[in-house]
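Let us take a friendly walk through one chain, with an eye for the contacts between its side chains and the pairing of its strands. Please have the sequence and the structure at hand.

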Amino acid sequence: PLQPHLLNAWTAASGEPEVHAGDWALAGVPLGIEVPIPSCGTAPPASYKQDIPRELPSAWELIDAGLENYSSFREHADFADAECARVLKEGFAAEVRTSDLPRAEFSDGTISQMALLLKEKRDEISGAISLKSRLIVDLLRSGGNAKATVPERPVLPRLWDAVGMLLHLRFVACGLCLPIEVISADFSDAYFHFLVHKEELR
């Protein structure tokens, strides 16, 4: 589980301008639909105009009509069932029956279809190839993205950004006669570890 006090301590010690991670670990992450997303000034302001949400059936109309997931979910049912079971077991999601949901409370909610992405993964030591499953929730077609207000436009780093950082690190380390050690780390199910803010669960 996430440790909010550690996130806050690291943020304070490093001077990181993105100061909300600790709070989000406690209260959940806002999606910009029911709860505003705070701006930290670390990315360009989102000056683009939000698409006007098109008229969509309500979540309950889609449920009553028997909305199904995408064909990849059905064609690879064994992988889809296994990945859903894993996500539920890890506590990253909850299984809720539609009969248990109050219709009035979720009258303006969003229901999104899911797809399954299968990707081959090669073991660096043995060379064995396995299949990695990834769940895709289509918030674009369901209109979920159009409901969100995003204050900043995230800019992904380019390859040259990484090269520039390494060159700068080498320059500083050589000036101080320090050795250089570079570590690459990846977080398994990184986004799943943050809960969604309870006000966004609609």
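D161 is a good place to start: with a relative accessible area of 28%, it is partly exposed, because this class falls between buried (under 20% relative accessible area) and exposed (over 50%), using a 1.4 Å probe and protein chains only. This is a predicted model, in which local features need pLDDT of at least 70 and side-chain atom pairs count only at pLDDT 80 or more, while totals for chains, interfaces and linings use all residues. Residues are numbered from 1 along each chain as its sequence is written, and side-chain values use heavy atoms, with hydrogens and water left out.

**Salt bridges**

D161 has R158 as its salt-bridge partner, and R158 is exposed at 61%. A salt bridge here is a side-chain nitrogen of Lys or Arg within 4 Å of a carboxyl oxygen of Asp or Glu. The structure holds 4 of them, and the table shows some, with the distance between the closest N and O atoms.

| Acidic residue | Basic residue | Closest N and O atoms |
|---|---|---|
| D161 | R158 | 3.7 Å |
| E68 | R74 | 3.6 Å |
| D189 | R86 | 2.8 Å |

D189 lies in the segment after α7 and R86 in helix α5, so their salt bridge ties together parts that are 103 residues apart in sequence. Both partners are partly exposed, D189 at 22% and R86 at 29%. Salt bridges with shared partners join E83, R86 and D189 into one network. In the E68 pair, R74 is partly exposed too, at 46%.

**An aromatic pair**

Which rings pair up, and how are they arranged? The structure holds 1 aromatic pair, where pairing requires ring centres of Phe, Tyr or Trp (its six-membered ring) within 6.5 Å. The rings of F92 and F192 have centres 5.3 Å apart and planes at 25 degrees, so they are stacked (planes under 30 degrees apart; over 60 is edge-to-face and the rest tilted). F92 sits in the loop between α5 (77-89) and β1 (114-122), and F192, 100 residues away, in the segment after α7 (159-175). Helices (H or I, at least four residues) and strands (E, at least two) are DSSP runs, numbered from the N terminus. F192 is partly exposed, at 34% relative accessibility.

**The hairpin**

β1 pairs with β2 (residues 129-137) in the antiparallel sense over 9 bridges; pairing calls for at least two DSSP bridges between the strands. R122 stands opposite I129 in β2. The two strands, β1 and β2, form a hairpin with 6 residues between them. In its turn, G127 has a positive phi of about 80 degrees.
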